[in-house]
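Trainee: Could you take me on a close look at the cavity inside this protein, and then at the charged pairs elsewhere in it? I would love one connected walk through.

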Amino acid sequence: MTDSLLRGYVPSPFGQLHYVESGTGEPVLMLHQTPRSWTEYLGVLPLVGAVHRGIAMDTLGFGASAKPEEPHTIERFADAAGALIEALGLERFHLVGHHTGGVIAVELAARYQDRVSSLLLSATPFVDDEKRRTADRRKPVDHVDPRPDGSHLLELWNRRRGFYREGEEAALHRYVIDAVTVLDRVEEGHVAVRRYAMESRLPHITARTLAVCADGDHYSLPGLEKFAAALGCDTRVVPGGHVPAPEQLPEEYAKVITEWVTGG
């Protein structure tokens with residue numbers, strides 16, 4: 001099914017932005033978590049593309065997109081995603097974001113309002129005062145110190161190994177590739193999430209919204225109730241997955257997306 005995937009670049013004020021798409025019809029823009037790339041949607045994209053125009057972009061600073069020197073912020077991530085939206089001529093579109101990508105999607109939905117046909121927040125952190133206050137005290141998620149013998153690569157692998165089940169090593173390998181690509185700034189996406197002033201942006205969202213989370217992702221599962229309270233949105237728990245749910249459950253995840261996009 002990967003034969004249906006088309007790669008492209010668009011110019012932006014930050015440099016070239018990389019994206020991959022599949023299919024035609026209503027655009028569904030998918031945003032990945034940190035420090036991943038579009039490959040988080042490798043199994044999902046062609047399934048969504050069978051029904052809609054699925055687009056998975058590399059967030060600014062990650063994957064094959066431009067890597068500016070300025071510190072990452074959710075607002076800058078959204079600026080770049082907005083540049084891609086305009087370059088591709090997406091007048092109306094659906095937004096899907098996973099973890100960090102969900103926080104970026106919140107900012108985009110607040111900016112674009114009625115141009116966003118629907119919003120799907122997957123395992124998205126709910127950023128409030130408490131999360132911002134404790135941001136500087138939180139342990140690094142992915143940081144490793146490079147070592148000449150390459151043992152930091154095994155450390156990187158083991159940091160995320162518990163999120164993946166036996167037989168999912170190919171997905172874990174893709175994670176390591178993505179993390180190594182941005183090894184000197186691998187934590188910055190997490191830092192940007194923890195500093196984002198989310199509460200002030202939520203009232204600006206007008207799109208119908210669904211908040212979903214895999215049942216094994218205990219980091220993000222509590223956010224479902226908070227988004228439901230803040231947005232009055234629907235919620236759904238997807239059984240059988242963990243943090244990398246789109247890779248673990250591509251068929252189920254694509255079904256959730258397409259059903260929501262086509263009207264819930």
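Mentor: Happy to! Let's begin with what surrounds the space: the lining of the largest cavity is made up of seven nonpolar, two polar and one charged residues. Keep in mind that this is a predicted model. The nonpolar members of the lining include Ala123, Val212, Cys213, Ala214, Val238, Ala245 and Tyr253. His98 and Ser122 are the polar ones, and Asp217 is the charged one. Which strand gives the most to this lining? It is strand E7, spanning residues 208–214, and its share is three residues. Val212, Cys213 and Ala214 sit in that stretch of the chain, and each of them appears in the lining. As for volume, the largest cavity has about 30 Å³, and the structure holds one cavity of 30 Å³ or more. A general idea helps here: rolling a probe the size of a water molecule over the atoms shows where empty space is left.

Now let's turn to the charged pairs. How many salt bridges does a search of the whole structure find? The search gives 20. A good one to find on your screen joins Arg111 to Glu107, with their closest N and O atoms 2.8 Å apart. Both residues belong to helix H3 (residues 100–112), where they are four residues apart, about one turn of the helix. Are these partners buried or exposed? Glu107 has 4% relative accessibility, so it counts as buried, while Arg111 is partly exposed at 33%.

Helix H4 (residues 129–133) holds another pair, Asp129 and Arg132, which are three residues apart, again about one turn of the helix. Their salt bridge brings the closest N and O atoms to 2.6 Å. Here Asp129 is partly exposed, with 45% relative accessibility, and Arg132 is partly exposed too, with 23%. Buried would mean under 20%, so Arg132 does not count as buried.

Next, look for Glu155 and Arg147, whose side chains meet in a salt bridge at 2.7 Å from N to O. Glu155 has a relative accessible area of 26%, so it is partly exposed. Arg147 is partly exposed as well, at 33%.

To finish, try tracing a group that goes beyond a pair: Arg36, Arg174, Asp178 and Glu247 are linked in a network of salt bridges.

Key. Residues numbered from 1 in each chain as written. Predicted model: local features only at pLDDT ≥ 70, side-chain atom pairs only at ≥ 80, totals over all residues. Heavy atoms only, no water. Salt bridge = Lys/Arg side-chain N within 4 Å of Asp/Glu carboxyl O. Helix = DSSP H or I, 4+ residues; strand = E, 2+ residues; numbered from the N terminus. Buried < 20%, exposed > 50% of the residue type's maximum accessible area, 1.4 Å probe, protein only. 1 Å grid on protein atoms, 1.4 Å probe; cavity = no way out; pocket = protein on both sides within 12 Å on 5 of 7 lines; lining within 4 Å. Points joined across faces, edges and corners; volume = space filled by probe spheres on them.
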